[in-house]
Amino acid sequence: MAEIREIQNGRALLGRLDHGKDLIEELTLVATKNDFSLARLEGIGALQRARLGYYDQGTRQYQFFEVPKPLEITCLIGNVSLKDGEPIIHAHLTLADEKGHAFGGHLAPGCTVFACEFVMQELTGTMLERGFDEPTGLPLWSM
Ligand code: ZN
């Protein structure tokens, strides 16, 4: 049975990230500065270059790959929650190149913003902290 919590919407932020900054660092800064411990996140825009992760379920390690060229952010979607008491961003990206070919994966440091418009919607009514999940080896929500 899935583990479920009921939540409510709190504050919502809409913003634009600075050109040339690191995508996950900037989003983490937004969450931290605004004291968001739980939120959902979405965005669109473009990157100058990308670095994404793929979780290898066999080795239980992330593999990272780079796409060193300009790309559209066709979908940035994710969440904010606490890990070790600090807000962290967990987001996935779908990116497209000049031919419309897509790349996708786990947002990692190394994605340089060309432009990015985002919405961060705070969620209230429960507290979630990430903790080690034995079946997956991932820091998942402890519910
Ligand atoms: Zn992920």
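**View 1. Cysteines without partners.** In this predicted model, the number of disulfides comes to 0. What is a disulfide, anyway? It's a covalent bond between the sulfur atoms of two cysteines. To count as one here, the two sulfurs have to sit within 2.5 Å. Take Cys75: its closest cysteine sulfur belongs to Cys116 and is 11 Å away, so that's too far for a bond. Cys111 has a similar story, because its closest cysteine sulfur, again in Cys116, is 10 Å off and too far for a bond. As for their surroundings, Cys75 is partly exposed, with a relative accessible area of 31%, while Cys111 is buried at 0%.

**View 2. A zinc ion held by histidines.** Which residues coordinate the zinc ion? They are His90 and His92, each through NE2, and His106 through ND1, at 2.1 Å. Read along the chain, these donors follow the spacing H-x1-H-x13-H. Two of the histidines can be checked for exposure: His90 is partly exposed, with a relative accessible area of 25%, and His92 also counts as partly exposed, at 40%.

**View 3. The largest pocket.** Zoom in on the largest pocket and you're looking at a volume of about 310 Å³. How do you find empty space like this in the first place? Rolling a probe the size of a water molecule over the atoms shows where space is left. This pocket is lined by 14 residues, and those nearest its centre are Tyr62, His90, His106, Arg130 and Pro139. Strand S4 (71-83), strand S5 (86-96) and strand S9 (138-142) are the elements that each give two or more residues to the lining. Sorted by class, the lining has 8 nonpolar, 4 polar and 2 charged residues. If His90 and His106 ring a bell, that's because both also coordinate the zinc ion.

**View 4. Asp35 and its positive phi.** Most residues other than glycine have a negative phi. Asp35, though, has a positive one, near 60 degrees, and it isn't a glycine. Where is Asp35? Look in the loop between helix H1 (23-33) and strand S2 (39-56). Is Asp35 buried or exposed? Asp35 is exposed, with a relative accessible area of 62%.

**View 5. Arg60, another positive phi.** Arg60 isn't a glycine either, yet its phi is positive, at about 60 degrees. You'll find Arg60 in the loop between S2 and strand S3 (61-67). With a relative accessible area of 30%, Arg60 is partly exposed.

How values were computed. Residues are numbered from 1 along each chain as its sequence is written. This is a predicted model: local features need pLDDT of at least 70, side-chain atom pairs count only at pLDDT 80 or more; totals for chains, interfaces and linings use all residues. Side-chain values use heavy atoms; hydrogens and water are left out. Buried means under 20% relative accessible area, exposed over 50%, partly exposed in between (1.4 Å probe, protein chains only). On a 1 Å grid over the protein atoms alone, a cavity is a set of points where a 1.4 Å probe fits but cannot get out, and a pocket is an open set with protein on both sides within 12 Å along at least five of seven lines; lining residues have an atom within 4 Å of a point. Grid points are joined across faces, edges and corners, and a volume is the space filled by probe spheres set on the points. Helices (H or I, at least four residues) and strands (E, at least two) are DSSP runs, numbered from the N terminus. Ala, Val, Leu, Ile, Met, Phe, Trp, Tyr, Cys and Pro count as nonpolar, Asp, Glu, Lys and Arg as charged, and the others, Gly among them, as polar. Donors are N, O and S atoms within 2.8 Å of the metal (3.2 Å for Na, K and Ca); water is not among the atoms, so sites may look incomplete.
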